[in-house]
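Thanks for coming, everyone. Let me put the structure up, and then we'll walk through it piece by piece.

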Amino acid sequence: MIGMGKSISHTAASMSYGMNQEKESEIIHSQFLAGETPREITEEFKVIQEQNELCRKNTLSFVLSPTIEDGRKLERERLKEMTERFLKEMNLKQYQAVAFVHRDKEHVHVHLYANRINFQGKAYNDSFIGKRSQQVAERVAKQMDLTTVREAQQEKLYRMQHVRSEIQKIHEKVMARDRPRDFDQYIKSMEQNNVKVIPSINRQNQLQGFRFEYKGTNLKGSEVHRSMSMGRIARQMNFERNMAQRIAKDKSMQLLGRTVNVPTSLTQTIIKKTIKLAIKVVRDTGIGI
């Protein structure tokens, strides 16, 4: 679960957003309040806030976001419990507060608003409120056996490492088995193995590299593995001599049905690779010896 918090001055607008019916919102918690509409709740906040006119950002705004998986399982009562625990840990149980749940997206989350001014007219200390919100959300998640931010990050990292490894293995298989002679063949072979290769082309129509999309993850080649940058992929290919010469002369190539410019570094890599292949052919066949 992620917790975010800050002090705000636009109480009415935030309340209206929290109660937005288009987001399938409903009040799941209310304390020291009689009103049920954004306007009524804002007016009740103002009655207390008028005791401390020096405090401009006089409302605390929080967002509590369980993971998508946890959010699917949390019913109204559990979301209410989560909110109440958060308020207790933040020492806000004696302040006016209201919480709305939003279910309009796959990611269920709670918007919580608390009056920063207490009934004695004193302002709540909002120093490091963002950091404290994160720490308290972590504690509440542990108390309720929900996924913490750290656990979610570790799970994401593990999943990412697994995806990277799978993409790299598919790449190596394609290079060894299909021996592509240009980027078009490489892209086609990768797609046959469920990896979508997306060329990165800048505004000058110059090829910059490739991104790899697999199992909902989109990564740059260098993020998958250092051997999968554009230049290193080119080194592993078997470009035909005539094609390499055209690329060197025109500083461009055909890619997925369109002409794109290629950087000098890629041109040099392709030419060097072609020369090495030619030398290897001479050595293997004895031609010219």
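Start at Asn-58. Setting aside residues up to four places away in sequence, Asn-58 touches Ile-8, Thr-11, Gln-49, Asn-115, Arg-116 and Ile-117. One caution before I go on: this is a predicted model. Where does Asn-58 lie? It lies in the loop between helix 2, residues 38-49, and strand 3. Is Asn-58 buried or exposed? Its relative accessibility is 11%, so Asn-58 counts as buried; the cut-off for buried is under 20%.

Two of those contacts take us to a pair of helices. Thr-11 is in helix 1, and Gln-49 is in helix 2. Helix 1 covers residues 11-18. Helix 1 and helix 2 pack at an angle of about 145 degrees. Their axes are 9 Å apart. The crossing is right-handed. Which residues meet there? From helix 1, Thr-11, Ala-12, Met-15 and Ser-16. From helix 2, Pro-38, Ile-41, Thr-42, Phe-45 and Gln-49.

Now the sheet that strand 3 belongs to. It is an open sheet of 5 strands, in the order 1-3-5-4-2, and the pairing is antiparallel. Which strands are at the edges? Strand 1, residues 2-8, and strand 2, residues 26-31. Each of these pairs on one side only. From one strand to the next, the twist averages 15 degrees.

Look at strand 3 and strand 5 in that sheet. Strand 3 is residues 59-65, and strand 5 is residues 109-115. They pair in the antiparallel sense over 6 bridges. Leu-64 stands opposite Val-110 in strand 5. Helix 5, residues 129-143, packs on this sheet. Helix 5 touches strand 1 and strand 3, and its direction makes about 150 degrees with that of strand 1.

A word on annotation. UniProt, in an unreviewed entry, places the feature "domain: MobA/VirD2-like nuclease" at residues 17-146. In the model, the end C-alpha atoms of residues 17-146 lie 26 Å apart. That span is 38% helix and 20% strand.

On to the other sheet. 3 strands form an open sheet in the order 6-7-8, again with antiparallel pairing. Strand 6, residues 196-201, and strand 8, residues 217-220, stand at the edges. Each has a single partner strand, so one side of each is left without a neighbour in the sheet. Neighbouring strands here are turned by 25 degrees against each other on average, direction ignored.

Strand 7 is residues 207-214, and strand 7 pairs with strand 6 over 6 bridges in the antiparallel sense. Two partners to find on the screen. Ile-198 stands opposite Arg-211 in strand 7. Lys-196 has Glu-213 in strand 7 as its bridge partner. Strand 6 and strand 7 form a hairpin, with 5 residues between them. Asn-205 in that turn has a positive phi of about 60 degrees.

Which helices pack on this sheet? Helix 6, residues 149-177, touches strand 7 and strand 8. The direction of helix 6 makes about 115 degrees with that of strand 7. Helix 7, residues 183-192, touches strand 6 and strand 7. The direction of helix 7 makes about 140 degrees with that of strand 6.

Next, the cores. How many residues does the largest nonpolar core have? It has 32. Those with the most contacts inside it are Phe-183, Tyr-186, Phe-210, Phe-212 and Leu-266. Several elements each supply at least two residues, among them helix 7, strand 7 and helix 11, residues 264-285. Helix 6 gives the most, with 6 residues.

Take Leu-266. Leaving aside neighbours within four places in sequence, Leu-266 is in contact with Phe-183, Leu-207, Met-230, Ala-234 and Met-253. There is also a second, separate core of 28 residues. It includes Met-82, Val-108, Ala-141 and Leu-146.

Last stop, Lys-251. Lys-251 sits in the loop between helix 10, residues 241-250, and strand 9, residues 252-255. Lys-251 is partly exposed, with a relative accessible area of 40%. Not counting residues up to four places away in sequence, Lys-251 touches Arg-246, Val-260, Asn-261, Val-262 and Thr-267. How far is Lys-251 from Gly-5? Their C-alpha atoms are separated by 53 Å, and the two residues are 246 apart along the chain.

Notes:
Residues are numbered from 1 along each chain as its sequence is written. This is a predicted model: local features need pLDDT of at least 70, side-chain atom pairs count only at pLDDT 80 or more; totals for chains, interfaces and linings use all residues. Side-chain values use heavy atoms; hydrogens and water are left out. Two strands pair if DSSP finds at least two bridges between them. Helices (H or I, at least four residues) and strands (E, at least two) are DSSP runs, numbered from the N terminus. Axes are lines fitted to C-alpha atoms, for helices over the stretch in contact, and angles run from 0 to 180 degrees between N-to-C directions. Contact means heavy atoms within 4.5 Å. Buried means under 20% relative accessible area, exposed over 50%, partly exposed in between (1.4 Å probe, protein chains only). UniProt positions are given in the numbering used here, feature names are shortened, and annotations may be inferred rather than shown by experiment. A nonpolar core is a set of buried Ala, Val, Leu, Ile, Met, Phe, Trp, Tyr and Cys residues joined through side-chain atoms within 4.5 Å. A crossing is left-handed if the near helix is turned anticlockwise from the far one by less than a right angle, and right-handed if clockwise.
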